[in-house]
Amino acid sequence: MLNKSILLNLQIGWKNFQIVFGLGLSVLLLSLLPNFFAGLILQIPLMLIATYFSYKGLYDMFWRSVFGEGSLTYMTLPFSAKDMVTGKIIASTLYLFSYNILFLVIIILSTLTTSGPMAFPGLIFTELFTTSLAQINTNDAIFLTLIAALLPLVVLASQASINALLLMLMVQLNLKGNGKGRLWAFIIFFGLNYGINQVSPILLQRLLPKGIWPFLPLEITLMVLLAAGTAIMSRITENSLKYRYNG
Amino acid sequence: MKHFIKVHILLCFGVCVLLLCLLAGTGTYIISNKILREAAEVKSLPWTMPLTATYHYLDFGQNPDEFTAVVYDEEDNDTEYTLDIHGTVLHKEASSNRVEAGTNAYRFYDKETSLYGLVDKKGNTILPAQFSALDFYGSGYGSGEKEGVSMILDTKGNILFKGEIGDEILHVTGALYFVNSHDNTIFDCETGESLPIDNRYHAVWPAAEGQYYAITENDNMVFLDDDFRPAGDGELYNKFGVRSQGLRYVEKLKDAYYSADSLPESPTLEKGYMDESGNMVITLPRNTLYGFRFSEDKAIVITSNALKCYNLQGKELFSLKGDFDNTDILSMETETPGEMCYTEGYAPVCLEDYGEGGKFGLIDTKGRFVIKPVFHELRHNSNGYLIAAYKDSYGILTVKEGF
């Protein structure tokens with residue numbers, strides 16, 4: 001049933017995520033242009049629109065099908081609360097993880113096709129990556145390789161935990177009778193996303209002078225913590241929805 | 001396939017993530033190794049002073065085996081070091097706001113008023129800080145600007161010539177100054193005489209010993225003789241380089257003369273090296289962007305898609321594939337971060353525009369790279385030493401023992 005739940009949620013999100021991927025691919029094509037202004041003027045608005053549609057996709061998956069218009073149909077399906085929650089988290093993670101990878105490719109291409117890393121808002125990450133690459137010594141090469149190889153897993157774990165958090169917040173706030181639950185959930189979700197994006201480069205800049213190797217244990221610990229957090233939050237959401245789906 | 005993905009969606013997703021991990025790891029490993037190999041190659045070069053990030057800028061000093069290094073400070077308290085070829089500090093001093101202006105005079109800068117003045121060796125004021133610009137040129141004379149009025153002064157503080165508001169005064173050479181006003185003149189500080197010259201000149205500069213050139217309308221240039229009249233037939237040029245070994249790179253406007261009433265609408269440019277008599281002895285292709293000065297009987301020429309080397313007879317010795325389009329960076333020989341000329345059989349070159357990320361390497365007389373193009377700067381002096389900038393570090397290389 002889990003497989004069916006994933007497919008159903010993918011279907012629910014597709015309406016908005018097809019726009020997100022379309023916009024992402026347009027930005028990708030724009031980053032092939034060796035023109036600073038094309039990158040700066042067109043890429044940022046397109047990315048903002050893509051962000052809006054990705055939130056809309058999450059709204060459909062996490063709210064409309066649970067508490068909104070589609071909830072009654074959804075409740076008639078033979079899914080347990082566990083299938084439902086896990087399916088939603090996996091489907092949303094699959095979409096956003098793919099989008100993150102596309103984002104990463106855009107950053108790399110922007111760096112390669114322009115004179116500097118200025119053509120993209122993700123310039124701090126690019127700069128950090130190039131700085132750490134430029135300063136590597138023989139020992140660092142192995143650490144950097146392992147860090148890079150584990151990076152997709154960290155992105156996956158962090159995306160899954162953020163999605164699990166959003167779903168948990170929406171369900172908890174709504175069940176506590178907060179009519180503006182979804183709004184608060186999105187505000188907290190957006191704030192966290194923004195906060196992590198702002199803090200992590202500063203943290204990396206502080207840590208980088210100490211060498212590259214500390215990032216490897218840090219990365220593994222972060223990955224384990226994020227995976228554990230996702231599991232706990234899924235369990236809490238599952239328990240809260242048991243009365244609805246396990247009937 | 002679609003059915004398989006639907007049934008095994010988690011498995012497919014997992015495989016994709018693992019492939020991504022593998023790709024990221026492999027890519028990083030390849031890039032890291034490439035960078036490390038390059039760093040090892042750079043380290044193995046014949047350094048007399050190994051690369052160091054201690055200094056923010058390194059330049060050749062006044063003596064052939066001395067170098068000047070600067071450490072910049074955020075509060076303008078820069079420190080200047082004099083180094084030997086091994087990087088040993090010979091002398092250290094805080095950069096002062098004083099610049100030598102003559103045998104017994106120093107120009108000083110007042111930070112509070114942002115104005116310049118003149119003091120003697122003991123610090124006694126010769127001219128108070130009242131000048132928005134003040135420049136001395138070693139001949140004991142200088143030009144300054146005070147409240148919009150340009151003037152020519154000596155190092156004792158005497159005003160030799162005072163222009164009117166809007167006049168511009170440019171140093172030509174020695175004691176000669178060009179006064180750009182309603183009636184252009186050349187002022188001789190030693191005799192105090194003013195020689196009236198053509199009003200259509202926008203600027204007059206020295207071109208070589210005893211020769212001058214003027215910037216004219218449309219930013220064209222014309223060579224001048226001793227009495228500042230157009231030399232020869234007054235041929236017009238778009239660009240020219242430094243004269244060396246009797247030849248100078250020029251871009252000449254075909255059938256365009258200073259004395260003519262009007263210029264051809266879209267004049268053809270004849271590019272090449274001109275001898276002292278004004279004859280074009282080496283003709284270069286139309287896509288030439290610049291020709292560096294001749295040294296050791298060879299000159300390096302930049303075209304839009306190649307770097308070429310010519311001998312004195314105009315024979316192309318070799319050609320390397322390049323990609324250039326920014327002529328501004330290459331037009332000023334003294335401002336390039338690596339003048340592309342031969343010294344002791346080697347020349348620093350880059351195969352892309354410097355401003356677009358081009359990097360400098362060192363080639364031999366056959367056009368083979370003996371040092372790969374990895375340096376942001378590579379400048380050499382006639383003594384066989386090279387200043388190299390790699391990432392954030394500076395070092396000194398020697399070419400004396402060859403490669």
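**Figure 1. At 32% relative accessibility, R200(B) counts as partly exposed.** Welcome to a predicted model, which we will explore one close-up at a time. The partner to look for here is D198(B), which forms a salt bridge with R200(B). The closest N and O atoms of this pair are 3.9 Å apart, and the cut-off for a salt bridge is 4 Å, so the pair counts. D198(B) has a relative accessible area of 28%, so this residue is partly exposed too.

**Figure 2. R379(B) and E377(B) meet in a salt bridge.** Here the closest N and O atoms lie 2.8 Å apart. Are these two residues buried or exposed? R379(B) is buried, and E377(B) is buried as well. The story does not stop at two residues, though: salt bridges with shared partners join D59(B), E377(B) and R379(B) into one network.

**Figure 3. A salt bridge joins the side chains of R107(B) and D135(B).** The N to O distance is 3.3 Å. Where in the chain do the two partners sit? R107(B) belongs to strand 7 (residues 105-110) of chain B, while D135(B) belongs to strand 10 (residues 133-136) of chain B. With their positions 28 residues apart in the sequence, the pair links distant parts of the chain. The surroundings of the two partners are worth a look as well. R107(B) has a relative accessible area of 17%, and is therefore buried, whereas D135(B), at 33% relative accessibility, counts as partly exposed. If you enjoy this kind of pairing, you can look for others: the structure holds twelve salt bridges over all chains.

**Figure 4. D364(B) sits in a loop between two strands of chain B.** The loop runs between strand 30 (360-363) and strand 31 (369-375). How accessible is D364(B) in this loop? Its relative accessibility is 10%, so D364(B) counts as buried. Follow the side chain of D364(B) and you will find one of its polar atoms 2.9 Å from the backbone nitrogen of R368(B). Leaving aside neighbours within four places in sequence, D364(B) is in contact with F318(B), Y342(B), G345(B), Y346(B) and V370(B).

**Figure 5. D275(B) is found in the loop between strand 23 (269-274) and strand 24 (280-283) of chain B.** Which backbone nitrogen lies 2.9 Å from a polar atom of the side chain of D275(B)? That nitrogen belongs to N279(B). Not counting residues up to four places away in sequence, D275(B) touches G246(B), L247(B) and V281(B). Another residue to find in this view is Q245(B): the two are 30 residues apart in sequence, and their C-alpha atoms are 9.1 Å apart in space.

**Figure 6. Q211(B) lies in strand 19 (residues 211-215) of chain B.** At 18% relative accessibility, Q211(B) counts as buried, because the cut-off for buried is under 20%. The side chain of Q211(B) makes a polar contact of 3.4 Å with the side chain of R243(B). Once residues up to four places away in sequence are set aside, the residues that Q211(B) touches are P206(B), F223(B), L224(B), R243(B) and R248(B).

**Figure 7. Chain B meets chain A.** The contact draws 18 residues from chain B and 23 residues from chain A. Between them the chains bury about 1,800 Å², with 82% of this area on carbon and sulfur atoms. Three residues to pick out are I9(B), F13(B) and L36(B), which supply 28% of the area that chain B buries against chain A, more than any other three residues. How many salt bridges does the rule find across this interface? The count is zero, and there are also zero residue pairs in polar contact between the chains with both residues at pLDDT 80 or more. On the side of chain B that touches chain A, helix 1 (2-7) and helix 2 (9-43) each supply at least two residues. The largest share, 14 residues, comes from helix 2. Sorted by class, this side of chain B has twelve nonpolar, four polar and two charged residues.

**Figure 8. Chain B has three helices and 34 strands.** After the close-ups, this view steps back to the chain they come from. Of its 403 residues, 45% count as buried. Chain B exposes about 21,300 Å², and carbon and sulfur atoms supply 48% of that area. Among the contacts in chain B between residues at least 6 apart in sequence, 35% join residues at least 24 apart.

Notes. Residues numbered from 1 in each chain as written. Chains lettered and ligands numbered in written order. Predicted model: local features only at pLDDT ≥ 70, side-chain atom pairs only at ≥ 80, totals over all residues. Heavy atoms only, no water. Helix = DSSP H or I, 4+ residues; strand = E, 2+ residues; numbered from the N terminus. Buried < 20%, exposed > 50% of the residue type's maximum accessible area, 1.4 Å probe, protein only. Contact = heavy atoms within 4.5 Å. Buried area = accessible area lost by both parts, 1.4 Å probe. Polar contact = N/O pair within 3.5 Å; in protein donor to acceptor, adjacent residues only side chain to side chain. Nonpolar A, V, L, I, M, F, W, Y, C, P; charged D, E, K, R; others polar. Areas by Shrake-Rupley, 256 points an atom, 1.4 Å probe, with all protein chains shown as cover.
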